[in-house]
Amino acid sequence: MSTPYPFTAVVGQADLRLALLLNAVSPAVGGVLVRGEKGTAKSTAVRALTALLPHVDVVPGCRFSCAPAAPDPACPDGPHEAGPAAERPARMVELPVGASEDRLVGALDIERALAEGVKAFEPGLLADAHRGILYVDEVNLLHDHLVDVLLDAAAMGASYVEREGVSVRHAARFLLVGTMNPEEGELRPQLLDRFGLTVEVAASREPAQRVEVVRRRLAYEDDPAGFAGRWAADEREVRARIVAARALLPQVVLGDTALLQIAATCAGFEVDGMRADIVMARTATALAAWAGRTSVLKEDVRQAALLALPHRRRRNPFDAPGLDEDKLDEILDGFPDEDPEPEPDPQPQGPDDGGSGPDGGGDGGGNGDGGGVPPQGGGPETGHAPDTPQEAPETQPSAPRGGAGAAEQAAVAATEPFRTRMLSVPGLGEGAAGRRSRARTAHGRTTGAQRPRGQLTKLHLAATVHAAAPHQKARGRSGRGLLVRKDDLRQATREGREGNLVLFCVDASGSMAARRRMSAVKGAVLSLLLDAYQRRDKVGLITFRGADAELALPPTSSVEAAAARLEKLPTGGRTPLGAGLLKAREVLRVERLRDPSRRPLLVVVTDGRATSAGSAGGDPRELSGRSARLLAAEGVTSVVVDCESGPVRLGLAAALAADLAAPAVTLDGLRADSLAGLVKNVRTAVTHTASSQSVSRRAA
């Protein structure tokens, strides 16, 4: 077994270390969500925490790690008789992104359940993680239904498996830790709220600290055992402190003043629901126990707010997590401090105090708080930074394009986003689970049955009984039970909803530079982007202006990145419409290779003018027509939003729509409250167009 990297050797990331330690002291806090850019020791710190957790006593032979002193009365391996206990280290169980629901919650042997009435249950990862850590790397990439199951188990402390009337329950209490890179997409707000604490991490910009990170990592890779040995004393010290804090936790008093501070803080920041108040109370109590105190102070409430509230203040997906610390201080300053009896800190100084350890006084070493608690205040790398790391790459405006008339005009603000109507792609797809178009999925209403391909996941009971019934006499059935063989089992086929790829191809040339027009276009795209986030779609953005087209945003689920790119979108220059369509064709071709089951919808926003052929050369209008016909021949579903205005209209967008075999909608329909409905309304037209083309081909 490889030697893990020591927890106390992690440089900086004080908020991350503190949040993990508080959950180790009190798992009731509700877990930690670690948000940050890649390469910031997120996974390293989580894996290192396992070595600090105390060993657990278990019932020998119990697959569900029941405690001998208080075994679970509903344990599938029970009932357990009194006897000697077995001791083992606390486990850290990793949930892979591609895991199935049966792998997470466990699997029932349906064949034995039907034929013998036996609950033959194979435990899943939730059972393995009981009384340990369940670690989910890239939690934002998990399917929503798996995240729901995971968070339900974490909240209830138990896992329930239901399969065709057969039910199994077992205890599942664990420390839940999830990590994510916000650039790869966000969690839904209701899922964010289920994590107790959240921490933003970013790489330090201090050269000295970066040097120390590299030095320690290289030393660890050269000699893992020797490196861990140099930190063994600090590891033992922190482990003893966790044990002492757990013992002290029941004695901590959460006074009325502290409760009022918590309630006033949550109300002052307009946090929805009551979960934030409860999490803050538990966190503040754990902070007091970690500091060796039996009363909660204002400083505990403040630190609890910094860890528990930032991710609960988002009103929509475009809001970045964060907390106004000046406002927090203003709220707390309105309350007197508790008057606890003075008591000495019974705990020894932790490894973060002073520079005598192997850390050598590096960042994350002493913070001068006298209690060995990781730093709770500001600082370039240890504080609760208000700037989220995902904002850095999003602030670059589109570069000016060359060509005649390429003068760039300042970006205009989008109109307020609005609630959109339902968009959908015609037909029945087989894409990733979402909330938009009809598709064959693992979840949804049952539409039929088939023989299972691989492992059976959803039994169709009636079809299984129907398949087994004719063979009962030949199989020698004599009792009441049904004799079922593996070949009799039938998998239920279900119809639900899928997520799609909505690719916007937006004309940003000089002809679109009217402020009101571009503002309305941005507002509509922003609203559809918000709708796509809620329906778990991918969204991409192509802009064309000057002499070429640009992929302003590759297909992504990150609404923050998309909103930032859209906000900075400038206008001006000639109109390379053909280049924009060819760029869209190339993007869709690549995405089709990456994810062939995700169906696209192309939305072209333009007045139809083509005044530049870009690098391709030739006649601009001929190029745009040829590009549109290529997309139509490849079966791409498209919609053209006609932005032409004025008393004289050339009808160029309508001609483009004809080449795309797509409907065209005039600018009169492009209102800040109607674009989504407008796109929906043309779905019928798209279906009719496709049907007409099919009939014409058959007639020919």
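1. The crossing of helices H18 and H19 is left-handed in this predicted model. H18 covers residues 577-594 and H19 covers residues 620-633; their axes come within 7 Å of each other and cross at roughly 20 degrees. Because angles under 35 degrees count as roughly parallel, H18 is described as roughly parallel to H19.

2. The contact between these helices can be given residue by residue. On the H18 side, the participants are Leu577, Gly578, Ala579, Leu581, Leu582 and Arg585. Their counterparts in H19 are Leu623, Ser624, Ser627, Ala628, Leu630 and Leu631. By class, the residues of this contact comprise eight nonpolar, three polar and one charged.

3. A separate point concerns internal voids. Searching the whole structure yields four cavities of 30 Å³ or more. The second largest cavity has a volume of about 60 Å³.

4. Which residues line the second largest cavity? Its lining is formed by Phe504, Val525, Leu529, Val539, Gly540, Leu541, Leu553, Ala562 and Leu566. The elements that contribute two or more residues to this lining are helix H16 (515-534), strand S16 (538-545) and helix H17 (559-567). S16 gives the most, with three residues.

5. As to the character of that lining, eight of its residues are nonpolar and one is polar, while no charged residues are present. In the H18 and H19 contact, by comparison, one residue is charged.

Conventions: Residues numbered from 1 in each chain as written. Predicted model: local features only at pLDDT ≥ 70, side-chain atom pairs only at ≥ 80, totals over all residues. Heavy atoms only, no water. 1 Å grid on protein atoms, 1.4 Å probe; cavity = no way out; pocket = protein on both sides within 12 Å on 5 of 7 lines; lining within 4 Å. Points joined across faces, edges and corners; volume = space filled by probe spheres on them. Helix = DSSP H or I, 4+ residues; strand = E, 2+ residues; numbered from the N terminus. Nonpolar A, V, L, I, M, F, W, Y, C, P; charged D, E, K, R; others polar. Axes fitted to C-alpha atoms, helices over the stretch in contact; angles between N-to-C directions. Parallel < 35°, antiparallel > 145°, perpendicular 65-115°, else oblique. Left-handed = near helix turned anticlockwise from the far one by under 90°. Contact = heavy atoms within 4.5 Å.
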